[in-house]
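User: I am new to this structure and should like to know on what grounds its features are named. Please set each value against the definition that applies.

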Amino acid sequence: MAGDPLIELRDVNKYFGDLHVLQDIDLTVGKGEVVVVIGPSGSGKSTLCRAINRLETVQSGTILLDGQPLPAEGKALARLRAEVGMVFQSFNLFAHKTVLQNVSLGQVKVRGRKKEEADRRSRELLERVGVADQADKYPAQLSGGQQQRVAIARALAMGPKVMLFDEPTSALDPEMINEVLEVMRQLARDGMTMIVVTHEMGFARSAANRVVFMADGRIVEDRSPDEFFTNPSSERARDFLSKILHH
Ligand SMILES: Nc1ncnc2c1ncn2[C@@H]1O[C@H](COP(=O)(O)OP(=O)(O)O)[C@@H](O)[C@H]1O
Ligand SMILES: [Mg+2]
């Protein structure tokens, strides 16, 4: 592990009605670590991410961020959401706000920054993700790849301790996938702690410290990318890899 534990899940279980979607999940992510989560559709990857920033509650087990249990409500929960940046498949930008406003809004509302300070920071981050020239446009005027980079800037603007990415490139046209992955690679190089759900195996190989393979709500494998890709130990993972690598 790269550093001290930043995220710890201990024996976490989550049900939707009778459906047991997270089963005895144990997962520790160290500071500065990049963990790629892969697995078939419906295996619980999104629910895992959503549990970590408490968009979903779990029925049993513990989830710690930086040694602290996740807060249940109120200001502490808003702060948690800021500390756990989340980027979804659908970019989730506010359609009626400009790019700059999208990135500044949470900084003012949750972090209590002055608007000028927030805007200055937003422009720096938009520069960093390569869309500074789009600051005054509305999301619909941007390409999908540009919108996703704005979504990343918006999450970063809150000063997160960890970034969760849930299939951030799955809704993008192929030619835009790399510009988003490159921003993520840079973030990883800068030492950000990241959990990334993705089918981009090139990214997993090049940027991940660990690959977590999920199936039917369980973590089936948790290994280095090298070990996972060259010699997966489970039949489930071998089957999954053969499907996605040879499609
Ligand atoms: N809000 C919900 N209500 C009921 N079932 C859900 C809900 N969200 C997800 N599920 C179910 O939980 C399982 C895991 O879903 P999900 O975490 O989205 O998987 P993945 O992201 O790996 O595709 C699936 O069977 C899915 O249908
Ligand atoms: Mg999902």
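The exchange below treats the sheets, the helices across them and the surroundings of the ligand.

Analyst: This is a predicted model, in which local features need pLDDT of at least 70 and side-chain atom pairs count only at pLDDT 80 or more, while totals for chains, interfaces and linings use all residues. Residues are numbered from 1 along each chain as its sequence is written, chains are lettered from A and ligands numbered from 1 in the order in which they are written, and side-chain values use heavy atoms, with hydrogens and water left out.

User: How do you know that β1 and β4 pair, and in which sense?

Analyst: A strand is a DSSP run of E with at least two residues, a helix a run of H or I with at least four, both numbered from the N terminus. Two strands pair if DSSP finds at least two bridges between them. Strand β1 (residues 5-16) and strand β4 (residues 60-65) share five bridges, in the antiparallel sense, so the definition is met. One bridge joins leucine 9 to isoleucine 63 in β4.

User: What makes β4 and β5 a pair?

Analyst: Two bridges link β4 to strand β5 (residues 68-69), again antiparallel, and at least two are required. Leucine 64 has proline 69 of β5 as its bridge partner. In the hairpin of these strands, two residues lie between them, and aspartate 66 takes a positive phi near 55°.

User: Why are β2 and β5 called edges of their sheet?

Analyst: The open sheet of four strands has the order β2-β1-β4-β5, with antiparallel pairing. β2 and β5 each have a single partner strand, so one side of each is left without a neighbour in the sheet. β2 is joined to β1 by eight antiparallel bridges, and leucine 22 in β2 stands opposite lysine 14.

User: What makes the pairing of β3 and β9 parallel or antiparallel, and what is the order of their sheet?

Analyst: Strands of a sheet pair through backbone hydrogen bonds, either parallel or antiparallel. Strand β3 (residues 34-38) and strand β9 (residues 210-215) run parallel and are joined by four bridges; valine 36 is the bridge partner of valine 211 in β9. The open sheet of six strands has the order β6-β7-β8-β3-β9-β10, and its pairing is mixed. Its edge strands, β6 (84-87) and β10 (218-223), pair on one side only.

User: Which strands does each of the helices α1 and α6 lie across, and at what angle?

Analyst: Contact means heavy atoms within 4.5 Å. Axes are lines fitted to C-alpha atoms, for helices over the stretch in contact, and angles run from 0 to 180 degrees between N-to-C directions. Helix α1 lies across β1, β2 and β4, at about 60° to β2. Helix α6 (residues 174-189) lies across β3, β7 (162-166) and β8 (193-197), at about 150° to β8.

User: How do you know that glycine 42 is in polar contact with ligand 1?

Analyst: A polar contact is a pair of N or O atoms within 3.5 Å; within protein, one must be able to donate a hydrogen and the other to accept it, and residues adjacent in sequence count only if both atoms are side-chain atoms. A backbone N or O atom of glycine 42 lies 2.7 Å from an oxygen atom of ligand 1, so the pair qualifies. Side-chain N or O atoms of lysine 45 and serine 46 are each 2.8 Å from an oxygen atom of ligand 1.

User: Which element gives the most to the shell around ligand 1?

Analyst: Helix α1 does, with three residues.
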